[in-house]
Amino acid sequence: MNPNIVETINVAREVAWLPWAVQYLFLIGLSYGAWLLSLPGVVFRRPGWAGISRLALLGALVCGLAAPVALLADLHQPGRFWHFYAYFTPTSWMSWGAFFIPVYLGGLLIYAWLAFRPELARHAQSGGKLAGMAGVLAYGGHESRGALKAAALLAFIGAALVALYTGAEVAVVQARPLWNTPLLPLQFFVTAFAGAVGLVLLFNRYSVRDEAANRRLAGVLAATQAVALAVGALWLALGVSGISPVHARALAEVGPSANWQLSALWAVAATVLTLVLAWKRPGSGLLIGLLALHSAWMMRWSIFIGGQEVPKTGAGYYTYSLPLGPEGLMGIVGTAGLWVFLFVLITTLLPLDRLAAGADDNAAA
Amino acid sequence: MNKASQNLQGAAPVSVARRNFLRGVPVVTAAAVLAPAPAIASTGKQQWAMLIDVRKCIGCQACTVSCIQENAVPEGSFRTVVSTYSVKLTDSTQPAGTYVLPRLCNHCDNPPCIPVCPVSATYKREDGIVAVDGDRCVGCAYCVQACPYDARFINHDTGKADKCTFCAHRVDAGLLPACVETCVGGARIFGDINNSEGEFARLLKDAQPQLKVLKPELETAPRVFYIGLDERFTGKVEGQGTLWKPRSLPHA
Ligand code: SF4
Ligand code: SF4
């Protein structure tokens, strides 16, 4: 900071992408990450993965359905969302995103339905809550591997496009050096996937507490944390060395701020802690699961909200304080509430325990 | 100083011209500086631009206020503002001086706010003014993020992207932007850069050696030009943050 210049009058621009946007990126990231985790068990039928993959698919579904609501709420004119489809603009990643989201969600829904049909039929027979609805949804309850694989392909294309656009949309904003780095999409992806592992760890913990699944997930989580640290180190190295001017600019923008130093320290400490615990104490499923989810959320919060606290022309930093209304805290609470509602609804039809445990038939196949 | 600045001193009659213009009296000397009749405005031949002579700005914020009045800008939001800095002086007996910098949308010729808009609501008019189609804007704020000058904001009253329009409604009617009209120091000059014969183009040409734009390295090709722009203020200002910052009230 140059002590010879003091800004006495200027405008403070407000945060324009609200906490809703953080929630959207968090949930959609968890969703595609969890969807990836559903592949080994559901599609490839890898032994020992059936329970994990079904729980992951549940997570992908709940997060995937909640995410677009948060996205809509971040628009200041939500009623006009159809404009995205009426006025396609190929130069805008956000415009593409409006088309990628339905591809992913469509693929995910068909895929989940095909994967869970036998389970739904089972639930209908068991006569539990909403058994009638489960029976209708099961629509015979047949398994159709060919259709499942086709749906998986569609969902894969959708997931890849969503992961690409959510990262690119932010990374192309040259006006915000902190966002404008080619590593950002990768960082979003790695933390999203790690968060998804964390979510499945929690599901496992609150259902069958399958130790083998827990260890397997802990191993995957440790790997993600190692990758996250490596990418972070690369980011820093590129910035410090000046090899990459965009990274140097990003570092210069936030480096001098004490708040940012604290955030960075926090992120590194949480990642190292998760890595060490997942590796050395894989049994601590609940703790490492929560840590991974927390890191995924914090990363998005700091980059998104923190990034908007950096004035583009003015001196110093803006300070953001979370408003309590719909443009702030209620956005976070609201999406969390929606998530819980969807979770309760879906697990009534597809109880957690059954998803996690009723696995052997698949695994054996 | 040099020839250019003398010419700019010579630009002082603009304020007189402004008053005459209000009375509807045709003014020959500053005709090109002023927006011509509406009929001409529709030919699409003009390219509107602004020249700000920082040396003449007295930091009175008359432009800030007149813009708010003219455009019903909600409380706490600004389409233009005169950023004010206290700068330590080394070559004077005084400890510090004041530096003022009027800011507004630059109506860039290569505007980063346009390609990001997912519904093509932000567009460039034929006369160079960067505008937002309020009927189409979904309020996604992508343009707010993409503008490197913090020129945009979401208007809480309308839920849409908002920014300086060069007072397009006035320009279309043959009037000057409100800020230019009210500028006490005669620091803001508005005109058509395409009219090579005109006064505005001549002023720009004369000032060429000292003409600067904000953040030139981004190649946004701003249409707001500055005379007397100190290097330390062309980008993000390195200094201590604002002591007083207006904040818009939560949704009124
Ligand atoms: S100053 Fe900002 S809002 Fe104005 S045209 Fe340039 S990029 Fe767009
Ligand atoms: S806020 Fe409006 S003008 Fe800006 S990018 Fe979104 S839709 Fe376009």
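Chain A exposes about 14,900 Å², and carbon and sulfur atoms supply 72% of that area. The structure is a predicted model. Chain A has 365 residues, of which 55% count as buried. Its secondary structure comes to 14 helices and one strand. Along the principal axes, the C-alpha atoms of chain A fill a box of roughly 75 × 50 × 35 Å. The radius of gyration of chain A is 22 Å; a compact globule with 365 residues would have a value near 21 Å, so the two agree. Contacts in chain A with a separation of 6 or more were also sorted by sequence distance. Residues 24 or more positions apart account for 77% of them.

Part of the exposed area of chain A belongs to a nonpolar surface patch. Leu72(A), Phe81(A), Trp82(A), Tyr85(A), Phe88(A), Trp96(A) and Phe99(A) form this patch. Together these residues have about 650 Å² of accessible area. Phe99(A), one of the patch residues, sits in helix H4, which covers residues 93-126 of chain A. The relative accessibility of Phe99(A) is 31%, so this residue counts as partly exposed. Patch membership requires over 30% relative accessible area, and Phe99(A) has 31%.

Past helix H4, Lys129(A) lies in the loop that leads to helix H5 (131-138) of chain A. Lys129(A) counts as exposed because its relative accessibility is 67%. Neighbours within four places in sequence aside, Lys129(A) is in contact with His123(A) and Thr348(A). Trp301(A) is 172 residues away from Lys129(A) along the chain. The C-alpha atoms of Lys129(A) and Trp301(A) are separated by 38 Å.

Charged side chains in chain A also pair up. Arg54(A), Glu119(A) and Arg122(A) are linked in a network of salt bridges. Over all chains, a search of the whole structure finds 17 salt bridges.

Chain B has a mixed make-up, with nine helices and 10 strands. Of its 252 residues, 58% count as buried. Chain B exposes about 10,700 Å². Carbon and sulfur atoms supply 56% of the exposed area of chain B. Among contacts in chain B between residues at least 6 apart in sequence, 61% join residues at least 24 apart.

Three salt bridges of chain B were examined individually. Arg55(B) forms a salt bridge with Asp53(B), and the closest N and O atoms are 3.0 Å apart. The two partners fall into separate burial classes. Asp53(B) has a relative accessible area of 2%, so this residue is buried. Arg55(B) has a relative accessible area of 35% and is therefore partly exposed.

Arg79(B) forms a salt bridge with Asp162(B), with the closest N and O atoms 2.7 Å apart. Arg79(B) lies in the loop between helix H4 (62-71) and strand E2 (81-88) of chain B, while Asp162(B) lies in strand E7 (residues 160-162), so the pair ties together parts that are 83 residues apart in sequence. Both Arg79(B) and Asp162(B) are buried.

Arg170(B) forms a salt bridge with Glu181(B), where the closest N and O atoms are 3.2 Å apart. Arg170(B) belongs to helix H7 (residues 168-172) and Glu181(B) to helix H8 (residues 178-182) of chain B, so this pair ties together parts that are 11 residues apart in sequence. With a relative accessible area of 12%, Arg170(B) is buried. Glu181(B) counts as buried too, at 17% relative accessibility. The cut-off for buried is under 20% relative accessible area.

Thr122(B) offers a further buried site in chain B, with a relative accessible area of 4%. This residue is placed in strand E4 (residues 122-124). The side chain of Thr122(B) makes a polar contact with the side chain of Arg152(B) at 3.2 Å. Arg152(B) also appears among the contacts of Thr122(B) beyond four places in sequence. The other residues in that set are Cys113(B), Ile114(B), Cys117(B), Val130(B), Ala131(B) and Val132(B).

Notes
Residues numbered from 1 in each chain as written. Chains lettered and ligands numbered in written order. Predicted model: local features only at pLDDT ≥ 70, side-chain atom pairs only at ≥ 80, totals over all residues. Heavy atoms only, no water. Patch = residues over 30% accessible without salt bridge, like charges linked within 9 Å, V, L, I, M, F, W, Y side chains within 5 Å. Areas by Shrake-Rupley, 256 points an atom, 1.4 Å probe, with all protein chains shown as cover. Salt bridge = Lys/Arg side-chain N within 4 Å of Asp/Glu carboxyl O. Helix = DSSP H or I, 4+ residues; strand = E, 2+ residues; numbered from the N terminus. Buried < 20%, exposed > 50% of the residue type's maximum accessible area, 1.4 Å probe, protein only. Polar contact = N/O pair within 3.5 Å; in protein donor to acceptor, adjacent residues only side chain to side chain. Contact = heavy atoms within 4.5 Å. Rg over C-alpha atoms; globule rule 2.2 N^0.38 Å.
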